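Work through the exercises below with the sequence and the model open. Try each task before reading its solution.

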Amino acid sequence: MILGLGCDIALVSRFAKDRNFILHFIKKYFTAAETEELQDKIEKPEKGLVLEIATRFAAKEAVAKALGSGFRFGITIKDIEVTHDELGCPQVKLYNKALARAYQVTHNQDFIIHITLSNEKEYANAVAVLESK
């Protein structure tokens, strides 16, 4: 049963700042697993680092909306992790208050979060669906 739906769009140029801003942003808002996955692009930003950051930011926002709370009730942006599997499909893991919120919404049932990401030069978009199993 679908229990939550979230969508977000981000303007990529909002994240196109100097290198120090980008590195601080990654450290502040991304988990260790996300940072590790971005490492190649951090070292070679011309490979689309800014687009990747904007897309992940939109994904985290979409997931927070699918939880029905946004970033309230103590949920932080690092409580939502967006990585990719070996085929490049996005996947979501929740931690701390975000995980507790998901169980609250699903009445302590197992759940899955489906997510799709899209981006184009100027915009990044994400849609997330919270489904109980």
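**Exercise 1. Check the length of helix α3 against its residue count, then describe its cover and its end.**

Solution. Helix α3 covers residues 49–66, which is 18 residues. The rise is 1.5 Å a residue, and the expected span uses one less than the number of residues. That gives 26 Å. The end C-alpha atoms of α3 are 26 Å apart, so the two values agree. This is a predicted model, so the agreement concerns predicted coordinates.

Next, the cover. A residue is buried under 20% relative accessible area. By that cut-off, 16 of the 18 residues of α3 are buried. The helix is mostly covered.

Last, the end. G68 follows α3. Its phi is positive, near 80°.

**Exercise 2. Place α3 in the fold: what is the order of helices and strands, and how compact is the chain?**

Solution. Start with the count. The protein chain has four helices and five strands. Along the sequence they run β-α-α-α-β-β-α-β-β. The radius of gyration is 14 Å, and the globule rule gives 14 Å for 133 residues, so the chain is as compact as a globular protein of that length.

Then the extent. The C-alpha trace spans about 45 × 25 × 25 Å along its principal axes. Of the 133 residues, 42% are buried.

Now the contacts. Take those with a separation of 6 or more. Residues 24 or more positions apart supply 57% of them.

Finish with surface and charge. The accessible surface is about 7600 Å², and carbon and sulfur atoms hold 54% of it. The chain carries 18 positive and 18 negative charges. Their mean positions lie 6 Å apart.

**Exercise 3. Two residues, F15 and K17, sit in the loop between β1 and α1. Decide for each whether it is buried, partly exposed or exposed.**

Solution. Take F15 first. The loop runs between β1 (2–11) and α1 (19–29). The relative accessible area of F15 is 3%. The cut-off for buried is under 20%. F15 is therefore buried.

What does F15 touch, beyond its neighbours within four places in sequence? The contacts are A10, F21, I22, F25, V50, I53, A54 and F57. I53 is 38 residues away along the chain, yet the C-alpha atoms of F15 and I53 are separated by 7.4 Å.

Now K17. Its relative accessible area is 46%, so K17 counts as partly exposed. K17 and V50 are 33 residues apart in sequence. Their C-alpha atoms are 8.7 Å apart in space.

**Exercise 4. Classify one residue from each of β1, β4 and β5, namely C7, I112 and S132, and list their contacts.**

Solution. C7 lies in strand β1. At 42% relative accessible area, C7 is partly exposed. Leaving out residues up to four places away, C7 touches A62, K65, N125, A126 and V127. C7 and I113 are 106 residues apart along the chain, and their C-alpha atoms are separated by 13 Å.

I112 lies in strand β4 (residues 111–120). Its relative accessible area is 33%, so I112 is partly exposed. Outside the four-place window, I112 touches V129, L130, E131 and K133. From I112 to A33 the C-alpha distance is 19 Å, across 79 residues of sequence.

S132 lies in strand β5 (residues 123–132). At 9% relative accessible area, S132 is buried. With the same kind of exclusion, S132 is in contact with M1, L3, T106, Q109, D110 and F111.

**Exercise 5. What is the sign of phi at F73 and at H107, and are these residues buried or exposed?**

Solution. Begin with the background. Most residues other than glycine have a negative phi.

Compare F73. Its phi is near 60°, a positive value in a residue other than glycine. F73 lies in the loop between α3 and β2 (80–84). The cut-off for exposed is over 50%. F73 has 58% relative accessibility, so F73 is exposed.

Then H107. Its phi is near 55°, again positive in a residue other than glycine. H107 lies in the loop between α4 (96–105) and β4. At 64% relative accessibility, H107 counts as exposed.

How values were computed:
Residues numbered from 1 in each chain as written. Predicted model: local features only at pLDDT ≥ 70, side-chain atom pairs only at ≥ 80, totals over all residues. Heavy atoms only, no water. Rg over C-alpha atoms; globule rule 2.2 N^0.38 Å. Buried < 20%, exposed > 50% of the residue type's maximum accessible area, 1.4 Å probe, protein only. Contact = heavy atoms within 4.5 Å. Areas by Shrake-Rupley, 256 points an atom, 1.4 Å probe, with all protein chains shown as cover. Lys, Arg positive; Asp, Glu negative; His and termini not counted. Charge placed at Lys NZ, Arg CZ, Asp CG, Glu CD.
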